[in-house]
Amino acid sequence: MNVKRKPAKAERPTSKMRALFREAARESVARDREARKGGRTQNTIGEIERAMVKAYVCGQEALLNKREGLLPSANALVDWLEIPPRARETLSFLTICFSHRWSTVRGEASAPTRIPSEIELFIENGRKRWTIVNGETRSERSVADGSVAPLVRLGLLAASSDYADRYVLTASGIAAGEEYWRRSDAGDPTLPREGMR
């Protein structure tokens, strides 16, 4: 008896792979916009082709790693790349206390207090907004829910046990913030953009 076998389905990309692809697209678009503003030529087609080849190779390597049992641990640090750009900006504001440059600008001692800010939910015109809170001082600046919800979803923020409507950084959120500011303070050119700027 001839049994038909279904063709194997391709592996779906991981969230980290998708983040890498988005970051490559963001970089290409930003370079193209910058070149157009300056009246320079830009090989966007070539950049897209190289990004697609890199994505293909990345997928093949991930498949090999999976076959060989080299999967990342569940406790692995959340990569800055996996955080959406608007949420990156919010996380960087919450963790600015980890920046050595910022503490120098503010004239703090060599060992500044390393207490990250918290963020508090409020409703404005029927929409969720969030404001950064440092102790009891609330920032006048607020951000939309789309800048905070990914941080909660990724386990970087959790509800505070002390205050209703306030969220605090988890151990993973603190680790991601410390890693971001270590790279930022060192001028790391591979640090992903916070937006399309």
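Reader: What is the relative accessible area of Arg-101, and how does that count?

Author: Arg-101 has a relative accessible area of 43% and is partly exposed; buried means under 20% relative accessible area, exposed means over 50%, and partly exposed lies in between, with a 1.4 Å probe and protein chains only. This is a predicted model, in which local features need pLDDT of at least 70 and side-chain atom pairs count only at pLDDT 80 or more, while totals for chains, interfaces and linings use all residues. Residues are numbered from 1 along each chain as its sequence is written, and side-chain values use heavy atoms, with hydrogens and water left out.

Reader: OK, which side chain does Arg-101 meet in a salt bridge?

Author: Arg-101 meets the side chain of Asp-185, at 3.0 Å from N to O; a salt bridge is a side-chain nitrogen of Lys or Arg within 4 Å of a carboxyl oxygen of Asp or Glu. Arg-101 lies in helix H4 (residues 100-105) and Asp-185 in helix H6 (residues 171-185), so the pair ties together parts that are 84 residues apart in sequence. Helices (H or I, at least four residues) and strands (E, at least two) are DSSP runs, numbered from the N terminus. Asp-185 is itself partly exposed, at 23% relative accessibility.

Reader: How many salt bridges are there in the whole structure?

Author: A search of the whole structure finds eight. One of them joins Glu-120 to Arg-166, with the closest N and O atoms 3.2 Å apart. Glu-120 lies in strand S1 and Arg-166 in strand S5, so this pair ties together parts that are 46 residues apart in sequence.

Reader: And is Arg-166 buried or exposed?

Author: Arg-166 counts as buried, at 2% relative accessibility, and its partner Glu-120 is buried too, with a relative accessible area of 13%.

Reader: Switching to helix H6, what separates Glu-179 and Arg-182 there?

Author: They are three residues apart in helix H6, which means about one helical turn; Glu-179 and Arg-182 form a salt bridge with the closest N and O atoms 2.7 Å apart. Elsewhere, salt bridges that share partners join Glu-118, Glu-120, Arg-138 and Arg-166 into one network.

Reader: Now the sheet: what order do the strands have?

Author: The order is S3-S2-S1-S5-S4, in an open sheet of five strands with antiparallel pairing, where two strands pair if DSSP finds at least two bridges between them. S3 (137-144) and S4 are the edge strands, each pairing on one side only. From one strand to the next, the twist averages 35°; axes are lines fitted to C-alpha atoms, for helices over the stretch in contact, and angles run from 0 to 180 degrees between N-to-C directions.

Reader: Which helix packs on the sheet?

Author: Helix H3 (residues 85-94) does, touching S1, S2 (127-134), S3, S4 and S5, and its direction makes about 170° with that of S3; contact means heavy atoms within 4.5 Å.

Reader: How many bridges join S4 to S5?

Author: Three bridges join strand S4 (residues 157-159) to S5, and these strands run antiparallel, with Leu-157 standing opposite Leu-169 in S5. S4 and S5 form a hairpin with six residues between them, and Asp-165 in the turn has a positive phi of about 65°. S5 (residues 166-169) also pairs with S1 (residues 118-124) in the antiparallel sense over two bridges, where Glu-120 stands opposite Arg-166.
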